[in-house]
Each structure stands twice: as C-alpha cells, then as structure tokens.
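The following exercises concern one protein chain, and each task is followed by a worked solution. Please study the sequence and the structure before reading on.

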Amino acid sequence: MEMPDPNQIFPNEYKTSCFIKNVVKAPNIQIGDYTYYDDPTDPTGFEKNNVLFNWPAFGDRLIMGKFCAIASGTQFIMGPANHRLSSVTTYPFHVFGGAWAERTPPHLSQLPHKGDIVLGNDVWIGRECTILPGTQIGDGSIVAACSVVSGVFAPYSVIGGNPARLIKKRFDDALIALLLQWKWWDLPPEELAEVLPLLCDGNLEKVKAEIERRLQARAE
C-alpha cells in the first residue's frame, strides 16, 4: 500500500505544499508529521518567511501537532517581537549599541514572556493569519483567513476576526470527546488509511457510532 511519506519535503507533484518538519532547522520549533505549509512561491522558506523574530535564546517555542494545514501568508510572531512594557518608554535602546547598550539591560531580558505558540493536531489555519506569542489552538480547530489570534482556544473551535474570537464549536461535546479520546492522528499508517472514508464522511451520527465501536474494541 503506497502512502505519502512524512519525511519527504514535497508530498505531491505540485510542489506548492511542503511537509515543513523537513525544512525547519531552529531548535525551538517542533512540527509533527504531515503538517504542511502551502505557498505557490516559496513553501520551503517557511522558517525564514513565516516565523518572525525567532531568537531561540529567548526561550519560547513554536509547537505544531500532526496533520495541520497552514495556508499561504500565515505568520507566527515569536516573543522577541515584543518591546519592553514595564517602563515609561518602549524604545529598545540596547539594540543600537554604544552608550545606550552600556546603560541599559540586555534587550531580551527586558521583554515580556507570553509563552509558547502551540497548535494541536489537525488544525487548519486560513490565508494571511497572524498568530501572536503565547497562543494555544486546540486539536481540530479552524482559524478563518486574515485573523489575528491571541489567547487559548479549546479543541474543535472555529476562530476568526481581529482580534480573533470563538465563533462556534465545530461539533457537539459528545463527538468532540470521542475524537479527543480516539486521537486518529496517532493511528499507524495502515490503520489510518483504513479509516479515511470515516474521517471524510459527513454523516456525523454514523461517524460517532463507529468511533464508539472502535474505542470499545480498543478497550477489550
């Protein structure tokens, strides 16, 4: 059975979608299998073009789960993009050297720490979104195009706007609970291929019943 290889840069012949775990080098960026960035111009330039102000020494991370879909133009803004907020001026004197550097604390030490940016599994982010430091987006969520996202969002949320807000839950609580228990993104490749028709089925009551059956069988 032939299946896409998560260790390939380009998973298909179009070469606009890139499995980005294979091109990112920064030690503070962690990306799961099959997560892709789509860009007709430079999909392999994701780290340079789409992860901004990333200085690993600052201590924050960008973490994405498996099977995320990142649309063209989405940018992740890391913590060093911030300025000092605790004083009467936000101006970063230290970075310009000379007497300014001698009379001010090291630049990175002055910046607020918002925390890691974390995307769960199976997250879809629309075109031209901006994801701000400390944002956490749960498994199965969807972010509308051109959104500016900050904060913590539960699994299977639909998010949109500037600033982004919760628009609705994708599914009812029972189906969400089943999906989070099943964790289809962790299935072995052969089993995942087997359940693809289920994952793409719009009859959610049927899907719910089948997941319940599979979870029961797993428990026995």
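**Exercise 1. State which residues make the nonpolar surface patch of about 420 Å², and place Val 95 in the chain.**

Solution. Step 1: Tyr 91, Val 95, Phe 96 and Trp 100 make this patch. Such a patch consists of residues with over 30% relative accessible area and no salt bridge, in which nonpolar side chains (Val, Leu, Ile, Met, Phe, Trp, Tyr) are joined within 5 Å; in patches of like charges, the charges are joined within 9 Å. Areas are computed by the Shrake-Rupley method with a 1.4 Å probe, and for residues only the protein chains shown count as cover.

Step 2: Val 95 belongs to the loop between β7 (75-77) and α2 (98-102). Helices (H or I, at least four residues) and strands (E, at least two) are DSSP runs numbered from the N terminus.

Step 3: The relative accessible area of Val 95 is 46%, so Val 95 is partly exposed. Buried denotes under 20%, exposed over 50%, and partly exposed the range in between (1.4 Å probe, protein chains only).

The model is predicted: local features need pLDDT of at least 70 and side-chain atom pairs pLDDT 80 or more, while totals for chains, interfaces and linings use all residues. Residues are numbered from 1 along each chain as its sequence is written, and side-chain values use heavy atoms, without hydrogens and water.

**Exercise 2. Describe the chain as a whole by its secondary structure and its share of buried residues.**

Solution. Step 1: The chain has five helices and 16 strands. Step 2: Of its 220 residues, 42% are buried. Step 3: The C-alpha atoms occupy a box of roughly 70 × 40 × 35 Å along the principal axes. Step 4: The chain exposes about 12000 Å², with 55% supplied by carbon and sulfur atoms.

**Exercise 3. Explain which parts the salt bridge between Arg 214 and Glu 194 ties together.**

Solution. Step 1: Side chains of opposite charge can pair when their charged atoms come close. A salt bridge requires a side-chain nitrogen of Lys or Arg within 4 Å of a carboxyl oxygen of Asp or Glu. The structure holds 10 of them.

Step 2: In the pair Arg 214 and Glu 194, the closest N and O atoms are 3.2 Å apart. Arg 214 lies in helix α5 (residues 204-219) and Glu 194 in helix α4 (residues 189-199), so the pair ties together parts that are 20 residues apart in sequence.

Step 3: Arg 214 has 18% relative accessibility and therefore counts as buried. A network of salt bridges links Glu 194, Glu 210, Arg 213 and Arg 214.

**Exercise 4. Is Lys 208 buried or exposed, and which residue is its salt-bridge partner?**

Solution. Step 1: Lys 208 meets Glu 205 in a salt bridge (3.7 Å, N to O). Step 2: The two residues are three apart in helix α5, so about one helical turn separates them. Step 3: Lys 208 is buried, at 12% relative accessible area, whereas Glu 205 is exposed, at 52%.

**Exercise 5. Locate the cis peptide bond, and find where Phe 67 and Glu 128 lie.**

Solution. Step 1: The cis peptide bond joins Asn 162 and Pro 163, with omega about 0 degrees. Pro 163 is in the loop between β15 (157-161) and β16 (164-169).

Step 2: Phe 67, a residue other than glycine, has a positive phi near 60 degrees; it lies in the loop between β5 (62-64) and β6 (69-70).

Step 3: Glu 128 also has phi near 60 degrees, and its place is the loop between β9 (124-125) and β10 (130-131). Glu 128 is partly exposed, at 43% relative accessible area.
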